[in-house]
Structure formats: C-alpha cells, structure tokens
Amino acid sequence: MQLSSTSDYILDSLSSLDNILGEFVSYYIQENNESSWLYNYFKERVEFYFENIDTKRIEKPFISSLLPIELRNRPLVSETVFLKSILPHYFRGFRDSGVSIKFDSKLVIVEGRNSQGKTSLVEALEWLLTGNLSRRDSRELGDSKELENCISNSFRPLEENTWVEAVFVKNEEIIKLKRTLIKDYGKSRNDSCSSILFKNNIEMSTKEESELKEQLFGLVPPILMQHTLGVFVKDNPSDRYKYFESLLNLDGLTNLIERSTISDEVLDNNKFSAEISVFEKLKLIVNNKSNYLHRYNNVKIDKKEDFLVKLLIEIAHKDFFDSHSKHTIEEIYSLIRNKCENKKDDWFPLYQNIRPNQVSENMFFNIIKKYEGNDWIDKTKSLFFEIQAIKTDQDAQIKLILKDVVMKLMNVNLLNTTTDFQICPLCDHIDKPTLSLERINELTSDISITTELTHKNLELGKQFEILSNDFNTVLNLSKNFLPSFPSEDDFLKNLQNSEFRFRGTVDSLSNLYIKLKNIWSQMNLNDSRVNEICDNLDSINFSELEEIIRSQCLQCTEFIKDTRNYLRIFSQLEQVVSLTLEDDIVYKKMSNWIDCLESIGLLRIEMDWEISKKYAQQELKLMREKLIEFRHDILESKRFAFNEEISTIWNTLRGDRYSKFQSLYIPKSKGRGFPIEINVMAVLDDGTEEKEVDALRIFSESQINALGLSAFITRSKILGHKFIIFDDPVQSMDEEHFKTFTSGIIKKLLQDNFQVIIFTHSDQFAREISYNYWNHNDYATMHVRHLRKKGCQVEEGNRRVSERLRIATKLSDEGNFSEAWKYIRLAIERMYVIISLKYIPKFDPSQWEGQTADYMWKQGTGQLIDMHKPEIKQRLKSILTMSASGTHDKLPHGETDIVNAVKDINSLLYSLQISD
C-alpha cells in the first residue's frame, strides 16, 4: 500500500495494515487537510458496494482484530540522543563568549548563586528546542518591561544576531542545531517571538522542524524548569492532559475517531440523485414497521423488480382497496390514477379540461432536422429535373415511339421473330427483305430509358411521401398534445367557482392554448398545401415548396417552445392543486404510489444505492469501534506504565508512610467526543484503613513538587529520552529529600543510561551529589557566574576534588606537568573548602572565592587539620608546597610526584571522612 507518512507513528502503523481499516486510515492521512474527506471516502465505499451489488452478495465487512499491539508501549523517541555542547550568543544574560559549553559527561552539575545565569542557560536550550520560553508564554513575568525583548541580550550590538547553537549525538551521528532570533517578544502578553532553526547549517521548514523535534525528543524537550515543577499536579484535569498528551500520542487517532461519525447531512448528501428520490416517496407510503429494505436485499437479483411490484400491490390492497379484492398491477395503476384525477377534478373542475398530453420533442426535432438543411430539397429538385430532362430528350422520345410501333406490329403478327431478314410491313413500296431480326431485337430490348424514368418517378413519389408523412406526424403529435379546452363560456363559468389564486395561471394557459391552436392551424394549412403538391408531381413550384417547408419547421419550433411553457405552467398549477390536497393523506399516498410504479426501474437503482449506504455505514461503524477499542488499549497501557514508573520514583524520593501517591486516573471517555481527564489520586493511611482521595487536597507543596518531579522523569522515560535536564529540582523540597534524590533518582537514571544535567543554587545539594558520585568515571561540574563586563560565564566547576585529580593525571600522561600541577592545586583548594564546610558551623564558601590554597591554609584550614587529623597535616602541607615550588622540573621526578600527590590526596579524603 502506498503510504503518505505523517509524524504520527500510530496512524502510520495503522495505515500499513493490509485490510479495510488500513485503507481507511491511509485515506484519512492523505486527505487530512480536506474538510470533506469523510464524505468523499464514504461515497467511494457506497459506490464500491453499489457496483458489486448485482454480481455478488456483499457480506458484513471484515476487519482484522490483529492490530499492532506492540504500539502500546513503543516510545516516541526510538534512538539514543545526548547533549554534547551549547553556545548561547547574545541570548538573555549571555554575550559573545565564543566558546561552547561542554556537556559531554553522563552526570553534569551546574552550580551558581541566584541571578548568575543558570536559568538563562537552561532557557537557551529550551528556546533552541521549542522556539519559545515557557516562563514568558505562561505569563510568569509580570512587568511589561520584562515582557519586551526578553530573549535578546540588552547589550547586543546592532550588527550581531541573537542565536543559540547546540550539538547533539544521535547514536554515532553528530547533529548541530542553531536557532536564530527574527523577532523578539513585545510588551503585550499576547505577543510571540519568531525564529529560524538550522540543522547542520541548513534552514528547516516548520514541518521539517516539527518532524525533527519529534524524532529527537518526542516533541517535548526533556527539560524540567522551576516554574513547571508542580504544573502536572496543580493544573485542572483537562490542562493536565495537555502535559500528558505527548506521552499518549493520541491526537491524530482521537481526531480520526471524532471525524469518523456519519452525520445525517453526510447520509443525505450521498443520495443517488439531487432531486427528491423515488425511494423517499416509497418510504412515505410503506408501512414503517415492515423491514422492506431488508426483505428487498434478500431477494434474488433477477426478482428484485418483481418484489417491488408485489410490494406496491400489497400497499395498494391494504390502503386503497378492499383487502379481499384482487387486481393486477395494471388495474391498480388505472384505478389509483383515476382516483387521483377525480380528486383533483372535484377540487378544481377545470383541471382535466386544461391538462395537456405529453409530447415527444425528440420526434419533432428529428423531423425538423431533416428539412433544416438543403439535403431534402436538393435531392427532390435533382430528381424532378432529371425526369423533365428525359421527357424532353428527342432521341429518347424517338426510341420510345419506335419501340412502341414494333411492339404493336409484333402483337398483330406482322413481324416474324424467327426470320433473319424480312420485308418491313411499313415499307410496301420495297419488296426486298430489309428489316433484320437483329434490328427488331434491338428496338424491343432497349428498356433503359423506360426503367430509368419509372424509377425516378417512384423515387420522387417516395420523397414527397416522406414529406407528407412527416407533416402528418407533427400535425397529429401537436393535435394530441392540445387539451380539450372548454368553451369560453364554460371556461369563465368554471373559473368563477375556483379560488382566485388560480385565475392568473389559468389565464396564462388559456392564452398559450389559443397560440398553440393558431400554430396548429398553420401547420394544418401547410400540410394541405403539401398534399396538393403531391397530387401533381409533373409540375412543382419549388419556391413555394421551400417556403412551406421553412414555415412548417418554424411552426414546429414555436410549437415545442410553447408546449414547454404550457407544461411548465400546468406543472405549477398541478403542484398548487396537489398541495391543496396535501392534507388528504390518501391522495398523497396514492400520488407517491403512482410515482413509484412509473419509476420502478429507478426505484430499484435507488434501493440498491440505499443498501450500499447501509453496508458502507456498517463498515464505518465497525472500523470506528475498532479504533475506539485500540485507543482505549493504548490509553490503558500508557496509564499502567505511567502509574508503575511514577510510583517507583515517588517511593524512592519520598517514602511517606501516611500519605502516598496512588495512581494516575483517566476516566472513561463519554459521548461522541474523546476528551481525557487526568486525576492524580493519593492514599491516606491512618493505620487502620486506607482512603483514596485527590492528591491536590492533601499533599503539601513539597509533596506536590516531588510528584511533579516524578511525573516529569516518568514522562521522559516513557517518551524515550536519554538525556534529562533539571533546573533546581529540589528548590522547594525538604533537605532530607536531597539525599533520596541524589542516591536514588540520579543513581537510577544513570543506571538507565541517562545523561543527567542538574542546575542548582544549593551548595548543600551539590555537595550531596559530590559525596555520592565523586568516584564516578563520567562526572563533571561547572560554575555559572555573571560578570558586569562579560555577562554570564560558565567556568570549570569547583565541586569536585577527584575530577581535578583525574584531569591532572591525564595531563601528566600527556607530558603537560605545569597544567597537571595547576589542577592538583585546584583540587587542594576544593578539599580545603570541604573541610571548612564540615567543621566550621555556618561557613560561607563564597568568602574564599578567588583565593589560593595558601591563603585558605593560613586562614584556618591548617588549624582544623591539626585539630582533627594532626598525622596528615605535614603531608598536605608538603603537597601544597610542591605544587608551587617547581620541584617538578625534571621529567621522571615531576611525573612521579604528580602520581603520588594524586594518590595521597584521594587517601586523605577518606581519612578526613569527607566527600569531594
């Protein structure tokens, strides 16, 4: 099957089914932009059944129940996608850094105090992937000044553009996306921004962008913003569905189901004829309780018209006559027609007098066509003049006289037909035999002139016979059409007894009748003149004949024109008369009965059409039911998977004994629409019983945010994301949940091969992550700060000791000892900060920002170590001194010292019982 692909994998998969359902979905995909797609499809199916109804019995359409069940749990994103780097250029707080921010580790912690640029960096990625800022579009900003130009950096030079570029890895493929700002947000809350997305430096269309985002991210970027943390729970059920809809991917299927209902309008538009059908008239006279359509469908093909005749007889005997009487269909038709006409006569006595007979226009036009050209007159003229030429030819006349003389002599035996030579009886003065037998035979056998003359006379006679017959035909046809109009006195007398509204119509008919009578009189006169000509074919005045023929053609044309007008006006009169009898139920039924019988052939066609509509309607109903069933299966499967995963994450994060998340509840769709309401249920446990309630009623703000976090992670997992970004995920959580998020949630995500990127302002949360993952081999930290002259800057983080030691080892292996000792010194500085955080209450690490390890040692770190672990003081001081004393100048000695320093610092971390 030729498939028109969409970005909806459910519809695409359904359209590939090798059955009528697959064809239906494929038709919907191809015609989705057409509002009349269902009408067109339904009509095609009706036509299919109609075309096959005489050759085979159409059974109920079969729809395979083997639908693609594997679609239920299929993620939208089927390929692994990771974030490698991002570069904002004059985007919000960022200016022109020129250096991409690397995110090429599995676990990345981006730390920084509030208002330093963390959110700007997260929103840079959000804008790149969506083209919008959800915080701006959700009206989170209040002041109109904040609403205006909130994407572009205020210090952007006029010659520079605002853009964000990021590099992703899909399996082994490198994908570079770049979004360039075209128009920023305005002051109005309803203003939107516009931009262009480039993939690998190639501009993308809106459709291509949508398809790419679905392919990479399932249309929903895996970014949890602070302001969206509790949206899933706090929103009402219908808005909650919008959050959930990308996960369901049911928009296309739902729209198809909603638009697959055949309305009365669609059924009515699928009539066999635009006019009032004979079938509609049959429905008005048949017993509503009798399933006549079903009975008709069960009749053999060659007996269908017989069935309809019997059905009409059945109706007539039941409704119009004594049920015991028996009549043939011809008798019934005559009786019912007479009854109808009598009712019209009773109500309007002039009706029968002015009613015309039908006229065959085709016969008129066929006759006129013979004489409109010159063919007939030319042929007749030619025959006539050929006959005259023969009659005036002297040689021909002598031959005819001699033949006549010889024949007479032979008849009286004056000529011998056996002697070769004999004396001519007419030549008495010659006594020698001068008349030969050959000459006699020649004179008696030459009959060509006689035959030709006879033949042409006959042909001329036939031509005029045709003309005469044609004139008689149109004369009789026109005469038969004319009604037996009453005399003027009778006409006026009867009209006075009728309703005034008929006066104008009947007057028009009277005038037309007079005109038609005059035309008929002229046609009759032409006919008489033609007959006179036919009586004397030896002398024809062709000028007069041409004038008669021209006149007759003209009169015929006028007659047809006026008969049309007469029929039209009489039809109007007939409708008015019939309408006045509408209250007469019997008359109305009889009138419809007559129409059904007179159009029995068309009635059969329309009955077949109605049966075809029933089949198509039944087929569509079965397909719609199957789609609803399939939709329900997908919905339940997704709900089950969501409940299972969100419960696992919630229990990992909270572990609450008294109130807990229970389920995501999706009520069954009702009515013709298919809206999905999503309710989040919780369970209260007082030790004796459990009660299921709406989570919003009983959850605290911290619980709601935890549930929102769980929902976000669950959605990303089910969508198939492989990288996930959190913007201060624990901002409103209790500190006790820092540990459960760090040791449980992050651990599980890393085990599931997620790339986890966390932005946080909480030093305690960052430290908790460092404590748990300091020895993870793919862990990176970053620090965001805002400089007045440079804007937002992202630097190598100050979170990890072990990370810096790994970098030092790598640099040492490469022979770059100077840089290696630099990272060892940075590791020592970080270790001193951690020692102070552990042993000094309310220690503020920001007071040491930009300070050296020597400064930190002198400001109290040395005393802390001497107080708690005096045995390691000398070794730390030695490493600190060595990292700045130049003792690593020689290659072997420098490399060995670096290796030993790394080993010692790692062991000192363990001795001091601190994480990095």
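**Notebook: helix packing, salt bridges and backbone in a predicted model**

**Entry 1. Helix H10**

I began with helix H10, whose buried residues pack against helix H1 (9-15), helix H2 (20-30), H3 and H26. I note here that the model is a predicted one. Helix H10 covers residues 251-258, and I listed Gly252, Leu253, Thr254, Leu256 and Ile257 as its buried residues.

**Entry 2. The chain as a whole**

I then looked up the totals. The protein chain has 35 helices and 17 strands. It is 916 residues long, and 47% of these residues count as buried. I recorded an accessible surface of about 46,900 Å² for the chain, with 48% of that area belonging to carbon and sulfur atoms. For contacts in the chain with a separation of 6 or more, I found that 73% join residues 24 or more positions apart.

**Entry 3. H2 against H3**

Two of the helices that H10 packs against, H2 and H3, were examined as a pair. As a general matter, two packed helices are described by the angle between their axes and the distance between the axes. I looked up both for this pair: the axes of H2 and H3 come within 10 Å and cross at roughly 145°. The crossing of H2 past H3 is right-handed. On the H2 side, I noted Ile20, Phe24, Tyr27 and Tyr28 as the residues that make the contact; on the H3 side, they are Trp37, Asn40, Tyr41, Glu44 and Arg45. Sorted by class, this contact comprises six nonpolar, one polar and two charged residues.

**Entry 4. Arg45 and Glu619**

Arg45, which I had met in the contact of H2 with H3, was followed further. Which residue forms a salt bridge with Arg45? The partner is Glu619, and the closest N and O atoms are 2.9 Å apart. Glu619 belongs to helix H26 (residues 600-653) and Arg45 to helix H3 (residues 37-52), so I recorded a link between distant parts of the chain, 574 residues apart. Is Glu619 buried or exposed? I found Glu619 at 1% relative accessibility, and therefore buried. Arg45 has 14% relative accessibility and also counts as buried, because this value is under the 20% cut-off.

**Entry 5. Other salt bridges**

The structure holds 26 salt bridges, and I looked up several of them.

Within helix H26, the side chains of Lys613 and Glu610 meet in a salt bridge at 3.3 Å, N to O. Lys613 and Glu610 are three residues apart in that helix, which is about one turn. I noted both Lys613 and Glu610 as buried.

Lys170 forms a salt bridge with Glu79, with 3.6 Å between the closest N and O atoms. Lys170 is in strand E4 (residues 163-170), whereas Glu79 is in the loop between H3 and strand E1 (81-89), so the pair ties together parts that are 91 residues apart in sequence. The burial of the two partners was looked up as well: Lys170 is buried, with a relative accessible area of 10%, while Glu79 is partly exposed at 28%.

I also recorded a network of salt bridges that links Glu645, Lys717, Lys748 and Asp752.

**Entry 6. Positive phi values**

I turned next to the backbone. Most residues other than glycine have a negative phi. Where in the chain does Asn171 lie? Asn171 is in the loop between E4 and strand E5 (173-183). Its phi is near 55°, a positive value in a residue other than glycine. With a relative accessibility of 41%, Asn171 counts as partly exposed.

I noted a positive phi of about 70° for Asn753, which is not a glycine either. Asn753 is placed in the loop between helix H29 (736-751) and strand E15 (755-760). At 32% relative accessibility, Asn753 counts as partly exposed.

**Entry 7. Ile585**

Finally, I looked up Ile585, which lies in helix H25 (residues 585-598). Is Ile585 buried or exposed? Ile585 has a relative accessible area of 62%, and it is exposed because this value is over the 50% cut-off. I also recorded the separation of its C-alpha atom from that of Ile285: the two atoms are 9.8 Å apart, although the residues are 300 positions apart along the chain.

Methods: Residues numbered from 1 in each chain as written. Predicted model: local features only at pLDDT ≥ 70, side-chain atom pairs only at ≥ 80, totals over all residues. Heavy atoms only, no water. Helix = DSSP H or I, 4+ residues; strand = E, 2+ residues; numbered from the N terminus. Buried < 20%, exposed > 50% of the residue type's maximum accessible area, 1.4 Å probe, protein only. Contact = heavy atoms within 4.5 Å. Areas by Shrake-Rupley, 256 points an atom, 1.4 Å probe, with all protein chains shown as cover. Salt bridge = Lys/Arg side-chain N within 4 Å of Asp/Glu carboxyl O. Axes fitted to C-alpha atoms, helices over the stretch in contact; angles between N-to-C directions. Left-handed = near helix turned anticlockwise from the far one by under 90°. Nonpolar A, V, L, I, M, F, W, Y, C, P; charged D, E, K, R; others polar.
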